[in-house]
Amino acid sequence: MKLIPLFKRLHSGESNSRSIRIELSETYLTKSARLCFVTPMGKIYVTEELSFIDGVCEYLIPRMLLDGRGALLTQLVIYENDDYVIKSPIEEYPVFSSVYDMSLPQ
């Protein structure tokens, strides 16, 4: 299993992708999967069950999780019958605020 961020650091005035690509090996294709995020403020956010096509899923990260300064901690959880089977290592991605109105000071 692999987590691949499809976004880069968000700098003021930039509009970037907010997606993360998840790839599963054949071993886990019959299992369920969710992403867990810990925001820079320490709040935990768990996604709905992810939908995979040929072992690949692209998840659009909610904007609220990418607003702020600090790091976004992400973990993929594979489970079956409400019991987790395996958890990926925790990935850490830098997060910076994104400002969409160029008239605002940076």
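## Exercises on a predicted model

In this structure, a polar atom of the Thr47 side chain lies 2.9 Å from the backbone nitrogen of Leu35. The model is predicted, and the exercises below start from this contact and then move outward to other parts of the protein.

### Exercise 1: Thr47 and its surroundings

Task: Work out where Thr47 lies, whether Thr47 is buried or exposed, and with which residues Thr47 is in contact, leaving aside its neighbours within four places in sequence.

Solution. Begin with the place in the chain: Thr47 is found in the loop between strand E4 (44-46) and E5. Next, consider the relative accessibility, which is 1% for Thr47, so that this residue counts as buried, given that the word applies to values under 20%. Then look for the partners: once neighbours within four places in sequence are set aside, Thr47 is in contact with Arg34, Leu35, Phe37 and Tyr59. One of these partners, Leu35, is the residue whose backbone nitrogen lies 2.9 Å from a polar side-chain atom of Thr47.

### Exercise 2: The aromatic cluster

Task: Find how many aromatic pairs the structure holds, and decide for each whether the pair is stacked or tilted.

Solution. The count comes first: there are two aromatic pairs in the structure. In one of them, the ring centres of Phe37 and Tyr45 are 6.3 Å apart and the planes stand at 40°, so this pair is tilted. In the pair of Phe37 and Tyr59, the distance from centre to centre is 6.2 Å and the angle between the planes is 25°, and this pair is stacked. Because Phe37 belongs to strand E3 while Tyr59 belongs to strand E5 (residues 56-60), the stacked pair ties together parts that are 22 residues apart in sequence. As a further step, put the residues together: Phe37, Tyr45 and Tyr59 form one aromatic cluster. Finally, compare their exposure one by one: Phe37 is buried with a relative accessible area of 0%, Tyr59 is buried with 16%, and Tyr45 is partly exposed with 26%.

### Exercise 3: The salt bridges

Task: Identify the residues that form the two salt bridges of the structure, and give the distance between nitrogen and oxygen in each.

Solution. It helps to recall that side chains of opposite charge can pair when their charged atoms come close. The structure holds two salt bridges, and one of them joins Arg21 to Glu23, with the closest N and O atoms 2.8 Å apart. Both of its members are partly exposed, since the relative accessible area is 29% for Arg21 and 21% for Glu23. The side chains of Lys31 and Glu80 also meet in a salt bridge, with 3.4 Å from N to O. This pair links distant parts of the chain, because Lys31 sits in the loop between strand E2 (19-23) and strand E3 (32-38), whereas Glu80 sits in strand E6 (residues 70-80), 49 residues apart. Here too the residues are partly exposed, with a relative accessibility of 23% for Lys31 and 37% for Glu80.

### Exercise 4: Two exposed residues

Task: Describe the places of Asp54 and Glu92, and show why each counts as exposed.

Solution. Take Asp54, which lies in the loop between E4 and E5. Its relative accessible area is 76%, so Asp54 is exposed, the limit for that word being over 50%. The phi angle of Asp54 is near 55°, which is a positive value in a residue other than glycine. Turn now to Glu92, which is placed in strand E8 (residues 91-95) and, at 57% relative accessibility, also counts as exposed. Apart from its neighbours within four places in sequence, Glu92 is in contact with Ala71, Leu72 and Leu73. The C-alpha atoms of Glu92 and Thr74 are separated by 6.4 Å, although these residues are 18 apart along the chain.

### Exercise 5: The whole protein

Task: State how many helices and strands the protein has, in which pattern they follow one another, and what share of the residues is buried.

Solution. The protein has one helix and eight strands, and along the sequence they follow the pattern β-β-β-β-β-α-β-β-β. Of the 106 residues in the protein, 32% are buried. The accessible surface comes to about 6800 Å², and 50% of this belongs to carbon and sulfur atoms. As a last step, consider the contacts between residues at least 6 apart in sequence: 58% of them join residues at least 24 apart.

Conventions: Residues numbered from 1 in each chain as written. Predicted model: local features only at pLDDT ≥ 70, side-chain atom pairs only at ≥ 80, totals over all residues. Heavy atoms only, no water. Buried < 20%, exposed > 50% of the residue type's maximum accessible area, 1.4 Å probe, protein only. Contact = heavy atoms within 4.5 Å. Areas by Shrake-Rupley, 256 points an atom, 1.4 Å probe, with all protein chains shown as cover. Salt bridge = Lys/Arg side-chain N within 4 Å of Asp/Glu carboxyl O. Phe/Tyr/Trp six-rings, centres within 6.5 Å; stacked < 30°, edge-to-face > 60°. Polar contact = N/O pair within 3.5 Å; in protein donor to acceptor, adjacent residues only side chain to side chain.
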